[in-house]
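Here is a short tour for anyone who likes to look at a fold through its rings and surfaces. Have the viewer open as you read.

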Amino acid sequence: MISEEKVKIMTELARYEKEYGKRDFYINRYQKEDYVRLETIKVIISLTVAFLGTMLVLAVFQMDLVISLLRRERLTLILLGVLAAYLLLFFIYTHFAKKRAEREYQEVEVRIKVYDKRLEELLRFYEEKEKEDDSPTIISEENEDGEFVNI
């Protein structure tokens with residue numbers, strides 16, 4: 001017999017696995033500190049590549065300005081300004097990346113705890129079903145010779 005509560009639990013579990021499951025299980029493989037570091041490293045690499053690419057494009061488009069700064073020997077001041085801008089962006093982005101990764105990990109932990117709780121409830125349904133097993137049992141009877149025979 002199909003239990004309505006069991007179907008509800010199984011539906012919730014399937015919905016969770018479809019919406020969040022793959023990503024949550026991937027994140028949960030890591031310790032919190034490791035996940036935060038991984039996400040921070042991703043942000044640092046992305047920021048560096050994007051910043052260098054932007055600076056390269058700007059330098060190419062403003063090549064006449066770069067050449068005039070080279071002639072006046074003021075390029076080092078500009079490079080120091082660019083480095084300061086990069087460092088400012090670096091610290092801002094890493095700070096917010098760490099906060100976002102920590103918050104995301106905590107949300108994943110909560111969802112997985114709820115998922116585990118629902119799995120335990122489903123397991124209890126199956127254990128109760130095993131206890132209620134209505135299968136026929138073997139009864140021992142005595143035959144004509146006085147020996148017990150399982151029927």
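## Surface, fold and aromatic pairs

The protein exposes about 12,300 Å², and carbon and sulfur atoms supply 60% of that area. Please keep in mind that this is a predicted model. Of the 151 residues in the protein, 19% are buried.

As for the fold, the protein has 4 helices and 2 strands. Following the sequence, you will meet them in the pattern α-α-α-α-β-β. Contacts in the protein between residues at least 6 apart in sequence show how the chain comes together: 72% of them join residues at least 24 apart.

Now to the rings. How many aromatic pairs does a search of the whole structure find? The search gives 10. A pair of aromatic rings is described by the distance of the centres and the angle of the planes. Two of these pairs are set out below.

| Pair | Centre to centre | Angle between planes | Class |
|---|---|---|---|
| Y16 and Y115 | 4.9 Å | 35° | tilted |
| Y86 and F90 | 6.1 Å | 40° | tilted |

Why does the pair of Y16 and Y115 count as tilted? Its planes stand at 35°, and the tilted class takes the angles left between stacked, under 30 degrees, and edge-to-face, over 60. This pair links distant parts of the chain, since Y16 belongs to helix α1 (residues 4-28) and Y115 to helix α4 (residues 75-131), with their positions 99 residues apart. Are the two tyrosines, Y16 and Y115, buried or exposed? Both Y16 and Y115 are buried.

The pair of Y86 and F90 has another setting: both residues lie in helix α4, 4 residues apart, which is about one turn of the helix. Y86 and F90 are both buried as well.

It is worth selecting Y16 once more in the viewer, because ring pairs link Y16, Y20, F25 and Y115 into a cluster. One member of that cluster, Y20, also has a charged partner: the charged end of R111 sits over the ring of Y20, 4.3 Å from the ring centre.

A last stop is I78, another residue of helix α4. I78 is partly exposed, because its relative accessible area is 42%, and that class runs between the 20% and 50% cut-offs. Which distance separates the C-alpha atoms of I78 and V66? They are 9.5 Å apart, while along the chain the two residues are 12 residues apart.

Key
Residues numbered from 1 in each chain as written. Predicted model: local features only at pLDDT ≥ 70, side-chain atom pairs only at ≥ 80, totals over all residues. Heavy atoms only, no water. Buried < 20%, exposed > 50% of the residue type's maximum accessible area, 1.4 Å probe, protein only. Contact = heavy atoms within 4.5 Å. Areas by Shrake-Rupley, 256 points an atom, 1.4 Å probe, with all protein chains shown as cover. Phe/Tyr/Trp six-rings, centres within 6.5 Å; stacked < 30°, edge-to-face > 60°. Lys NZ or Arg CZ within 6 Å of the ring centre and 35° of its normal.
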